[in-house]
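Dear colleague,

I am passing on the structure below, and I would be glad if you could look it over alongside the notes that come after it.

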Amino acid sequence: MKLVQRKRGHWSLWVAALMVGGWAMPAAAADLGGNCCADLEERVAELEATTARKGNRKVSLTISGWVNENVLWWDDGSERNTYIGTNPVEQSRFRFLGEAKINADWSAGYLLEIGVWGGNGSKFDQSSPDGATGANSLTVRKSSWFVKSKTFGKLSVGQDSTATYHLLDDADTSMTRNFYDAEGPPDYLQTFFLRDKAGNKIGSGSGLKWGDALRGFNNSTPGDDGRRNVVRYESPTFAGFSVATAWGEDDIWDAAVIYKGEAGDFNYNARAGYGQSTDGFSTPCHGSSTSPDDALNCEWWGVSGFIQHAPTGLFVYGGYGKQHDGSNNPGIEASIIEKDSTTWFVQGGIEKKWIPLGKTNVFGMYRKDDAGTNPGKTIDSNINFWAIGAAQNIEAAEATLYLVYQHADGDVTTPSAGVVPPQNHDLSAMQQVIGGMKINF
């Protein structure tokens with residue numbers, strides 16, 4: 001028994017000595033034969049240097065966005081080529097969202113969203129594989145502050161969405177919204193030159209483009225507005241319904257009603273909106289304005305809806321948009337022969353998770369445009385789009401792979417030149433295959 005006690009006492013002394021030594025020389029105690037502490041401190045310094053920092057501790061900061069790049073093959077009946085660039089439907093971007101709670105009901109914050117173009121997919125033409133303008137550039141998409149209440153809604157001020165921004169697009173809650181929504185068909189061929197059946201460019205000078213024949217001041221889609229410098233209000237949601245309205249200077253205003261709900265096995269989304277503009281500079285209704293005396297006026301409205309049968313994944317998505325152009329300037333008013341431009345579209349498909357990777361989407365779409373006058377360029381035009389495609393979501397990577405075949409054709413009437421009467425041109429078809437991936441962060 002005494003021997004055991006002496007041994008215990010002996011080991012107790014050693015433990016005490018080691019503890020004292022550890023307190024006295026912490027660096028030596030932690031240094032197990034190397035410079036691990038110095039390496040750790042260096043690594044911590046590196047992490048601190050690369051970590052996003054907030055300006056204060058009261059406002060939260062969320063950084064998000066996505067990269068959306070694609071390969072585009074095209075054939076206009078005379079030429080064909082393959083380009084690589086940023087997807088024009090959902091451009092690559094990053095955003096900073098800050099928000100601070102004022103109390104249990106109120107909060108305030110800001111949104112700054114920057115668009116990124118590699119090859120500018122919205123400016124591709126037959127001779128510009130990187131886009132005629134804007135390649136390798138940044139654009140300010142949104143820059144606004146907001147005050148938000150759970151009870152009263154949200155008020156935003158700055159460059160932001162109007163109430164009818166993506167009015168026809170945002171009813172779509174399937175994966176096609178990432179690469180082939182209502183504005184998708186014209187987005188992929190906006191600046192390609194028009195050709196007739198004989199392969200000749202249409203129009204004088206360098207020739208007319210598909211975007212000249214199509215109307216609608218936001219991505220050639222009547223019924224949709226864009227991002228503007230506005231004051232915007234969004235209401236809380238009541239029984240699935242909410243409203244939004246926006247106003248911008250000199251003058252533009254719009255309003256929309258939004259519904260989202262479900263009944264039984266079906267999910268529903270619907271939107272309807274109306275807007276007016278007399279601002280021919282930031283919101284040109286037709287062509288471009290060079291004088292405040294032009295007094296360009298336009299109004300637009302649209303409806304869109306989406307319904308999906310949840311058990312099977314079958315869905316239908318469609319919409320209709322209209323834009324009416326006019327001017328208080330008699331000369332311009334007389335040149336707008338066809339004042340109304342319309343579009344309608346329907347998309348059907350199935351989206352369901354059949355494999356562990358994520359949901360799979362297979363769809364088909366048809367869009368019909370009856371476009372009005374683009375003064376000095378076209379009198380009217382009729383454009384048909386149809387497309388088939390597929391998409392695969394990869395849940396583990398928060399990514400969507402997509403592949404689309406698109407076909408566009410129709411006819412366009414150009415104004416007279418001297419003694420030549422107005423001419424109608426049957427268009428050579430534009431065929432395109434678009435494949436890419438959108439990956440979120």
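The notes below take up salt bridges, a pocket and two single residues.

Please bear in mind that this is a predicted model, in which local features need pLDDT of at least 70 and side-chain atom pairs count only at pLDDT 80 or more, while totals for chains, interfaces and linings use all residues. Residues are numbered from 1 along each chain as its sequence is written, and side-chain values use heavy atoms, with hydrogens and water left out.

The structure holds 18 salt bridges, a salt bridge being a side-chain nitrogen of Lys or Arg within 4 Å of a carboxyl oxygen of Asp or Glu. In one of them Arg95 pairs with Glu113, with 2.5 Å between the closest N and O atoms. Because Arg95 lies in strand β3 (residues 92-101) and Glu113 in strand β4 (residues 106-117), the pair ties together parts that are 18 residues apart in sequence; strands here are DSSP runs of E of at least two residues, and helices are runs of H or I of at least four, numbered from the N terminus. Glu113 is buried at 0% relative accessible area, whereas Arg95 is partly exposed at 25%, where buried means under 20%, exposed over 50% and partly exposed in between (1.4 Å probe, protein chains only). Both residues also belong to a network of salt bridges whose members include Glu90, Arg141 and Asp170.

Another salt bridge, of 3.4 Å from N to O, joins Asp212 and Lys377, and this pair links distant parts of the chain, with Asp212 in helix α5 (residues 210-213) and Lys377 in the loop between β14 (358-371) and β15 (380-394), 165 residues apart.

Asp170 appears again at the second largest pocket, where Lys142, Asp170, Arg232, Glu234 and Arg271 lie nearest the centre among 41 lining residues. A pocket is an open set of points on a 1 Å grid over the protein atoms alone, where a 1.4 Å probe fits, with protein on both sides within 12 Å along at least five of seven lines, and lining residues have an atom within 4 Å of a point. This pocket holds about 960 Å³ of space, a volume being the space filled by probe spheres set on the points, which are joined across faces, edges and corners.

Finally, Asn269 in strand β10 (residues 266-277) counts as buried at 9% relative accessibility, and its side chain makes a polar contact of 3.5 Å with that of Thr173. Arg228, in strand β7 (residues 227-234), is likewise buried, at 14%. A polar contact is a pair of N or O atoms within 3.5 Å, one able to donate a hydrogen and the other to accept it within protein, with residues adjacent in sequence counting only if both atoms are side-chain atoms.

Best wishes
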